[in-house]
Amino acid sequence: MTNRQSLFARAREVIPGGVHSSTRLNKAIGTPFFAARGQGSRVWDIEGNSFIDMCCAHGAGLLGHGHPAIAEALRHATELGFLNSFETEYSEALARKVTTHIPCADKVRFCSSGTEATMHLIRACREYTGRSKIIRIEGHFHGYHEMIYIGGHPPEANWPDNRKRPYVESPGIPSELAQWIIPVAHNDLEALERIIHEHGEETALLILEPINFNSGGIKPAPGYLQRVRELTEEAGIVLFFDEIQSAFKTSLGGAQLDYGVTPDVCTIGKSFGGGLPLSAFCGKAAIMDRFQPDGPVQHSGTFNAHLIPVLCGLAFFSEAEQPAFYEHLRHLEQRFHEGIDRIIAAYDLEMVVPHYGARFDIVFGRSTPPQRYEDLFVHDRRKMLAFVRGCYEQGIYFHDYGGSPVHHGYSIQHSEDDIDKVLNVMEAVLLKLKKGA
């Protein structure tokens, strides 16, 4: 039987680093998780071991593994011949679903990844406003392209200098591009007001995650999003919600519906592809109509609105529109967080588990939820790695992101029994870490 170590060694011979996505190397276990199959809430590795999946495709697997509605969508796509690079009645139907449910969405276009979605929509915002600069919130993640992979996640050594010289987050990105990025602290309205006063006339857009899943699950402070909406509107700056992760985790309308703040444009993705690569960007017609062929801005791609993910997107909406869908997710959320809060209190653990819908973060080294990116510098990465490894050894799969305080979650196919098993393992592992074993 092939084991994960030997497969990883072979993969490294033909794949850079042995992975097709850098974060797939799970440092806690020393290799990627080489999956053999998945069904429901569980995933099996190539050695035949079964795990309750608490990664769920980084948020894309809200329907779980092998959902019958997705299987039926794939069967339908087979009957239709997969139809690549055509417009179909199904893409129009899916677009109408998005515009029905997402408050800011007058019109929508589909693509494959969140990186694509933010890249194309940023370009339209710049053309629409005739301005070039971008205000971005520290700690928020918006994809890996050169336009925005700057100033978001500076290491502690580069903070707070990040606000004077935005940190370029990967070699290969020209440092000159940092001149277009203006980082600002999360939940700091005074700083934001000052930045808009100084740079508003040259700023095209302000981009943020309504829920900062990629840095500790930070939520907006009361009134924060409402004031951001007012400030951007007054300055003629496009307000851009990146809801690739937050969309559909608690409702069909996303965080913008939950918080009652409607941006000018937004991106959505992850969950609504049903596990297939599907993202979208949408917004006010005045901005969306800037795309060709009606406007001057280019957006094209062979695989945009590919039949297979579009049919899976329709299948997702068909499931999520059922009343029991979010009722079940809310029940799991309550059960999990009441359980983990009990464990934290019982053993006086210095950790917090911020959450929003079916996703949550784990932060070691704090006893109160973080409010800003810099609050996470106390996070204990070594303890996080040990926690992930301990859970893995007992059949619970949390994905590791290099020990970072990044999100985890569950799916509609997870059960109460699954949640209870996860909590039992978490309790045992955390108690062992507490004792220093």
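The following exercises, each with a worked solution, concern the predicted model shown above.

Residues are numbered from 1 along each chain as its sequence is written, and side-chain values use heavy atoms, with hydrogens and water left out. Because the model is predicted, local features need pLDDT of at least 70 and side-chain atom pairs count only at pLDDT 80 or more, while totals for chains, interfaces and linings use all residues.

**Exercise 1. Two helices**

Determine what end-to-end span is expected for helix 4 and for helix 12, and which residues of each are buried.

*Step 1.* Helices (H or I, at least four residues) and strands (E, at least two) are DSSP runs, numbered from the N terminus. The expected span of a helix is 1.5 Å times one less than its number of residues.

*Step 2.* Helix 4 covers residues 114-129, which is 16 residues, with 22 Å expected; its first and last C-alpha atoms lie 23 Å apart, close to that value. For the 20 residues of helix 12 (residues 416-435), the expected span is 28 Å and the end C-alpha atoms are 29 Å apart, so the two values agree.

*Step 3.* Buried means under 20% relative accessible area, exposed over 50%, and partly exposed in between (1.4 Å probe, protein chains only). By this criterion the buried residues of helix 4 are G114, A117, T118, H120, L121, I122, A124, C125, R126 and T129. In helix 12, the buried residues are D418, I419, V422, L423, V425, M426, E427, V429 and L430.

*Step 4.* Inspect the residue after each helix. G130 follows helix 4 with a positive phi near 75 degrees, and G436, just after helix 12, has a positive phi of about 80 degrees.

**Exercise 2. The nonpolar cores**

Identify which residues have the most contacts inside the largest nonpolar core, and which helix gives the largest share of it.

*Step 1.* A nonpolar core is a set of buried Ala, Val, Leu, Ile, Met, Phe, Trp, Tyr and Cys residues joined through side-chain atoms within 4.5 Å. The largest has 86 residues, and F272, F316, F336, F387 and F398 have the most contacts inside it.

*Step 2.* Helix 9 (residues 307-320) supplies the largest share of this core, 10 residues.

*Step 3.* A second, separate core has 25 residues, among them A117, A204, I244 and I287. A117 also appears among the buried residues of helix 4.

*Step 4.* Take F336, with contact defined as heavy atoms within 4.5 Å. Apart from neighbours within four places in sequence, F336 is in contact with M54, V353, F360, Y410, I419, V422, L423 and M426. Of these partners, I419, V422, L423 and M426 are buried residues of helix 12.

**Exercise 3. Contacts of M147 and L189**

Establish where M147 and L189 lie and which residues each touches, not counting residues up to four places away in sequence.

*Step 1.* M147 sits in the loop between strand 7 (133-137) and strand 8 (181-184). Its partners are M119, I122, R126, I134 and I181. The C-alpha atoms of M147 and T118 are separated by 9.1 Å, with their positions 29 residues apart along the chain.

*Step 2.* L189 belongs to helix 5 (residues 189-199) and touches Y224, R227 and V228. Because its relative accessible area is 24%, L189 is partly exposed.

**Exercise 4. Backbone features in loops**

Find which peptide bonds before P160 and P293 are cis, and where A57 and D348, with positive phi, are located.

*Step 1.* The bond from W159 to P160 is cis, with omega near 10 degrees; P160 is in the loop between strand 7 and strand 8. The bond from Q292 to P293 is also cis, with omega near 10 degrees, and P293 is in the loop between helix 8 (285-288) and helix 9.

*Step 2.* A57, although not a glycine, has a positive phi of about 55 degrees. A57 lies in the loop between strand 5 (50-53) and helix 2 (68-79) and, at 39% relative accessibility, counts as partly exposed.

*Step 3.* D348 is not a glycine either, and its phi is positive, about 50 degrees. D348 lies in the loop between helix 10 (323-346) and strand 13 (351-352); its relative accessibility is 63%, so D348 counts as exposed.
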